[in-house]
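Me: I am new to this structure and would like a close look at a single part, the largest pocket, with enough of the surroundings to place it. Please take me through it slowly.

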Amino acid sequence: MQQDLGSYRKSYEKSELTEASISKNPMELFQKWFYEVEASEGVDEPNAMTVSTIGMDGYPKSRVVLLKKYTFEGFIFYTNYESEKGRAIMSNPKVCVSFFWPIMERQVIIKGNAEKIAENLSDGYFESRPDGSKLGAIVSPQSEVIPNREYLESKLKNLEKDYAAKEIERPGYWGGFIVKPVSMEFWQGRPNRLHDRIRYTMQADYDWNMERLAP
């Protein structure tokens, strides 16, 4: 089976990225871009991001998760710490996070170090979730082999009965990671594949160095 995709073509025409027009701090540029994507029609989840880790088997693996908060310090998402993703991060905290916003012809690639956030912050976010999502975090032994779909649904029904009259507390194996960036690359599609690429790299004094990369 094969399919030739060589005829796929797209010309990128929507914007440009110049050093004179952007901040010296990449988080400010990220916020600007994120606001612009949020304001665009037809984007369901602008906070969808790809997290890449090095697994326990030595292979890289990427998956899409949802960004739940960003600050000048970094990017926060939540997961099961005992999942394949969680165990990979605990073994090797060097990760890559990327956003692709085709509606704006933009991409952001972030290299950084991930670490657990404070437990009270994970508690606060867990409390804000719908009850169904809370129970889902308890029900799912994320990344483990399970016998069938019914296994999960049966566990969920039992938990719904157990928690019918009591508060659903965050399990200790579920919580947030923050990815603290060491480099951030901003990619803006341009005509003739001569795309704009600006990379920020954190220096020893925690200042950012800005460079233009060839497309």
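Reply: In this predicted model, the largest pocket has a lining of 20 residues, and those that lie nearest its centre are Y78, T79, R129, Q142 and W174. The space in the largest pocket comes to about 450 Å³. Sorted by class, its lining is made up of 8 polar, 6 nonpolar and 6 charged residues. Four elements each supply at least two residues of that lining, namely the strands β2 (60–66) and β4 (75–80) and the helices α2 (84–91) and α4 (131–139).

To place these elements, it helps to step back to the whole chain. The chain holds 5 helices and 9 strands, and read along the sequence it follows the pattern α-β-β-β-β-α-β-β-α-α-α-β-β-β. Its C-alpha trace spans about 60 × 50 × 40 Å along the principal axes, and of its 215 residues 37% are buried. Among the contacts with a separation of 6 or more, 64% are between residues 24 or more positions apart.

Returning to the pocket, an annotation from a record can be laid over it. An unreviewed UniProt entry places the feature "binding site" at K68, Y125, R129, S133, R193, L194 and H195. These positions span 128 residues in sequence and their farthest two C-alpha atoms are 43.6 Å apart, so they do not all gather at one spot. From this set, K68, Y125, R129 and S133 are taken in by the lining of the largest pocket. R129 is also one of the residues that lie nearest the pocket's centre. S133 has its place in helix α4, one of the elements that supply at least two residues of the lining, and with a relative accessibility of 28% S133 counts as partly exposed.

R193, also in the annotated set, can be described through its own surroundings. R193 is placed in the loop between β7 (174–188) and β8 (196–202), and its relative accessible area of 42% makes it partly exposed. Leaving aside residues up to four places away in sequence, R193 touches K10, Y12 and P215. The stretch around R193 also carries a second annotation: the unreviewed UniProt entry has "domain: Pyridoxine 5'-phosphate oxidase dimerisation C-terminal" covering residues 174–215. Over residues 174–215 the chain is 67% strand and 0% helix, with the end C-alpha atoms 39 Å apart.

The strands on either side of that loop are also joined by a pair of rings. F186 and Y200 form an edge-to-face aromatic pair, with 5.7 Å from centre to centre and 80° between the planes. F186 lies in strand β7 and Y200 in strand β8, so the pair ties together parts that are 14 residues apart in sequence. F186 is buried at a relative accessible area of 0%, and Y200, at 0% relative accessibility, counts as buried too.

For contrast, the second largest pocket may be set beside the one you asked about. The second largest pocket holds about 170 Å³ of space and is lined by 13 residues, with E45, A48, F100, W101 and P102 lying nearest its centre. Two elements give two or more residues to this lining, β1 (48–54) and β5 (94–101), and β5 provides the largest share, 4 residues. By class, this lining has 10 nonpolar, 2 polar and 1 charged residues.

W101 leads on to the aromatic residues, since ring pairs link F30, F34, Y70, F75, F99 and W101 into a cluster. The structure holds 18 aromatic pairs, among them the tilted pair of F99 and W101, whose centres are 5.4 Å apart and whose planes make an angle of 35°. F99 and W101 are both buried.

One further residue brings F99 back towards the region of β2. L67 is found in the loop between β2 and β3 (69–70), and it is buried, with a relative accessible area of 5%. Not counting residues up to four places away in sequence, L67 touches F30, N47, M49, F75, I76 and F99. L67 and F99 are 32 residues apart in sequence, and their C-alpha atoms are 9.9 Å apart in space.

Key. Residues are numbered from 1 along each chain as its sequence is written. This is a predicted model: local features need pLDDT of at least 70, side-chain atom pairs count only at pLDDT 80 or more; totals for chains, interfaces and linings use all residues. Side-chain values use heavy atoms; hydrogens and water are left out. On a 1 Å grid over the protein atoms alone, a cavity is a set of points where a 1.4 Å probe fits but cannot get out, and a pocket is an open set with protein on both sides within 12 Å along at least five of seven lines; lining residues have an atom within 4 Å of a point. Grid points are joined across faces, edges and corners, and a volume is the space filled by probe spheres set on the points. Ala, Val, Leu, Ile, Met, Phe, Trp, Tyr, Cys and Pro count as nonpolar, Asp, Glu, Lys and Arg as charged, and the others, Gly among them, as polar. UniProt positions are given in the numbering used here, feature names are shortened, and annotations may be inferred rather than shown by experiment. Buried means under 20% relative accessible area, exposed over 50%, partly exposed in between (1.4 Å probe, protein chains only). Contact means heavy atoms within 4.5 Å. Rings of Phe, Tyr and Trp (its six-membered ring) pair if their centres lie within 6.5 Å; planes under 30 degrees apart count as stacked, over 60 as edge-to-face and the rest as tilted.
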